[in-house]
Amino acid sequence: MSRVLFLCGEGRTLSPTAAQIFSDRQSVSTDFAGVDRDAQDSLTPDQLDWADLIIVMERRHQTRLNERFGRMLAGKKVVTLDIRDRYTFMEAALIEELLQKAGPRLG
């Protein structure tokens, strides 16, 4: 089973939506967090240890991830989807974009 960690800035909209919509895939286990220091569900080192694949929503989120946890990323696969934070939680357009951009990476 692949362990996929979805990351966004605040951990409120993009990454929780992604984790929820892909959680029903039998070959995938999901989790989510925010990379901002004041995120609602802030990223922990344990989550990084757990993940096989880390999917970030925007390049700025990957930059923050590298700044805060760069040493822990050695050997980890990190993918950026380029999904801007302009959606609400579980918005249909966000789900469609996630399915198009992340879906093929999850098999």
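This is a conversation between a student and a tutor about a predicted model.

Student: What makes β1 and β3 a pair in this model?

Tutor: Two strands count as paired if there are at least two bridges between them. Strand β1 (residues 2-8) and strand β3 (residues 53-56) share 4 bridges in the parallel sense, so they meet that rule. You can find Val-4 standing opposite Leu-53 in β3.

Student: Which order do the strands take in the sheet?

Tutor: The order is β2-β1-β3-β4, with parallel pairing, and these 4 strands form an open sheet. On average, neighbouring strands are turned by 20° against each other, direction ignored.

Student: Why are β2 and β4 said to stand at the edges?

Tutor: Both β2 (28-34) and β4 (77-80) have a single partner strand, so one side of each is left without a neighbour in the sheet.

Student: How many aromatic pairs are there, and what makes the rings of Phe-6 and Phe-22 stacked?

Tutor: The count is 1 aromatic pair. Rings pair if their centres lie within 6.5 Å, and planes under 30 degrees apart count as stacked. For Phe-6 and Phe-22 the centres are 5.8 Å apart and the planes are at 15°, so the pair is stacked.

Student: Which parts does this aromatic pair tie together?

Tutor: Phe-6 belongs to strand β1 and Phe-22 to helix α1 (residues 14-22), so the pair ties together parts that are 16 residues apart in sequence.

Student: Are these two rings buried or exposed, and how do you know?

Tutor: Buried means under 20% relative accessible area. Phe-6 has 0%, so Phe-6 is buried. Phe-22 is also at 0% and counts as buried.

Student: Why is the contact between Asp-82 and Arg-59 called a salt bridge?

Tutor: A salt bridge needs a side-chain nitrogen of Lys or Arg within 4 Å of a carboxyl oxygen of Asp or Glu. The side chains of Asp-82 and Arg-59 meet at 3.3 Å, N to O, so the pair qualifies. This pair links distant parts of the chain, with Asp-82 in the loop between β4 and α4 (92-101) and Arg-59 in helix α3 (residues 59-69), 23 residues apart.

Student: What makes Arg-59 exposed and Asp-82 partly exposed?

Tutor: Exposed means over 50%, and partly exposed lies between that and the buried cut-off of 20%. Arg-59 has a relative accessible area of 57%, so Arg-59 is exposed. Asp-82 has 37%, so Asp-82 is partly exposed.

Student: How many salt bridges are there?

Tutor: The count comes to 6 salt bridges. Among them is the one between Arg-12 and Glu-10, whose closest N and O atoms are 3.8 Å apart. Lys-101 and Glu-97 form another, at 2.9 Å.

Student: Where do Lys-101 and Glu-97 lie?

Tutor: Both are in helix α4, 4 residues apart, about one turn of the helix. Glu-97 has a relative accessible area of 12% and is buried, whereas Lys-101 is partly exposed at 30%.

Student: How do you know that the buried residues Leu-94, Glu-97 and Leu-98 are on the same side of α4?

Tutor: In α4, Leu-94, Glu-97 and Leu-98 are buried. These residues cover an arc of only 100° around the axis, which puts them on the same side of α4.

Student: What helps cover that buried side, and what does the opposite face carry?

Tutor: The cover over the buried residues of α4 includes α1. The face turned away from the buried side carries the exposed residues Ala-92 and Gln-100.

Key. Residues numbered from 1 in each chain as written. Predicted model: local features only at pLDDT ≥ 70, side-chain atom pairs only at ≥ 80, totals over all residues. Heavy atoms only, no water. Helix = DSSP H or I, 4+ residues; strand = E, 2+ residues; numbered from the N terminus. Axes fitted to C-alpha atoms, helices over the stretch in contact; angles between N-to-C directions. Phe/Tyr/Trp six-rings, centres within 6.5 Å; stacked < 30°, edge-to-face > 60°. Buried < 20%, exposed > 50% of the residue type's maximum accessible area, 1.4 Å probe, protein only. Arc of directions from axis to C-beta. Contact = heavy atoms within 4.5 Å.
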